[in-house]
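Visitor: I should like a close look at a single part of this model. Please take one position, describe its surroundings, and then follow them outward.

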Amino acid sequence: MSTKRVLYIEDNAMNMRLVRRLLTANGYTVIEASDGLKGIAVAARERPELILMDINLPGIDGMEATSRLKSSYDLAHIPIVALTAVAMKGDRERILAAGCDDYLQKPIDTTLLIETVRRFIGEGEPKPTTAPKETTAAPSPASVPEPPRFIFTRRPTTPNVDKLIEQRKLPAAALNQPAPTEPPEHTSSPLAHSMVSREKAPAGTQNSPDGEQIAP
Ligand code: MN
């Protein structure tokens, strides 16, 4: 459907560029405003899903702009996340008292910013225009010839498949031919013991610990 729009009210070009790139890459549409009054006007016109509010702005500051937005019946529902470089005592309280729903410190932590945006308005759109076109435009002619291509090209180039088959066949083959030599050694029948002792007798005289202990 329509992409989620984030209004960023910011007078610093570098921060604006950083946030625009970050949000655009994550599937959001960024609307820009360079001061508080412009931000209020754009918010009223565009009705974005979320507002990122710089606090230190020319003209009215971010707290005043937030107060005006939150006192507007039509715009008060839009969540506002403040971005502030200065974090002195009482700043958080004042920012929240002005009506901000949350606040982030500068320099901007991109991971935290994206997490915060998602928390308020959810995920952005997956990817621009390629995915919908392929699925809706040509389903029958494109999907029919592709599957055999993938099957034929991938089978020879993936050795893991052969390894998996071998690994599964080996235990199955072993079950059909129960190991002939090992089980008799561990059985407890007297006949097996005698057989084992006879078999081991010639070789055991050299290495068995019993023989060494008796010898001295
Ligand atoms: Mn600023």
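Guide: Let us start from Ile 9. In this predicted model, Ile 9 touches Ala 33, Gly 36, Gly 39, Ile 51, Leu 52, Met 53, Asp 54, Leu 57, Gly 62 and Ala 65, leaving aside residues up to four places away in sequence. Ile 9 belongs to the largest nonpolar core, which has 28 residues. Together with Leu 52, Met 53 and Ala 82, Ile 9 is among the members that touch the most other members of that core. Two or more residues of the core come from each of β1, α1 (13–25), α2, β3, α3 and β4 (80–84).

Two of the contacts of Ile 9, Gly 36 and Gly 39, lead to helix α2, which spans residues 36–46. The buried residues of this helix are Gly 36, Gly 39, Ile 40 and Ala 43. Viewed down the axis of α2, these buried residues fall within an arc of 100 degrees, so they line one face of the helix. The general geometry of such a helix is relevant here: with 3.6 residues a turn, residues three or four places apart point the same way. The cover over the buried residues of α2 includes β1 (5–9), β2 (29–33), β3 (50–54) and α3 (62–70). On the face turned away from the buried side, α2 carries the exposed residues Ala 41 and Arg 45.

Just after α2 comes Arg 47, placed in the loop between α2 and β3. Its phi is near 50 degrees, a positive value in a residue other than glycine. Arg 47 is partly exposed, because 13 other C-beta atoms lie within 10 Å, whereas a residue counts as exposed at 12 or fewer.

A second backbone feature is found in another loop. The peptide bond from Lys 106 to Pro 107 is cis, with omega near 0 degrees. Pro 107 lies between β5 (102–105) and α5 (110–121).

Finally, a word on confidence. The mean pLDDT of the chain is 76, and 56% of its residues reach 70 or more. Over residues 149–157 the pLDDT is below 50, and this stretch has one contact in the model beyond near neighbours in sequence. Residues 192–216 also stay under 50, with six contacts beyond four places in sequence. Where pLDDT is low, the predicted coordinates should not be read in detail.

Terms used. Residues are numbered from 1 along each chain as its sequence is written. This is a predicted model: local features need pLDDT of at least 70, side-chain atom pairs count only at pLDDT 80 or more; totals for chains, interfaces and linings use all residues. A residue is buried if 20 or more other C-beta atoms lie within 10 Å of its own, exposed if 12 or fewer, and partly exposed in between; C-beta atoms are placed from the backbone. Helices (H or I, at least four residues) and strands (E, at least two) are DSSP runs, numbered from the N terminus. The arc is that of the directions from the helix axis to the C-beta atoms. Two residues are in contact if their C-beta atoms, placed from the backbone, lie within 7 Å. pLDDT is the predictor's confidence in each residue, from 0 to 100. A nonpolar core is a set of buried Ala, Val, Leu, Ile, Met, Phe, Trp, Tyr and Cys residues joined through C-beta atoms within 7 Å.
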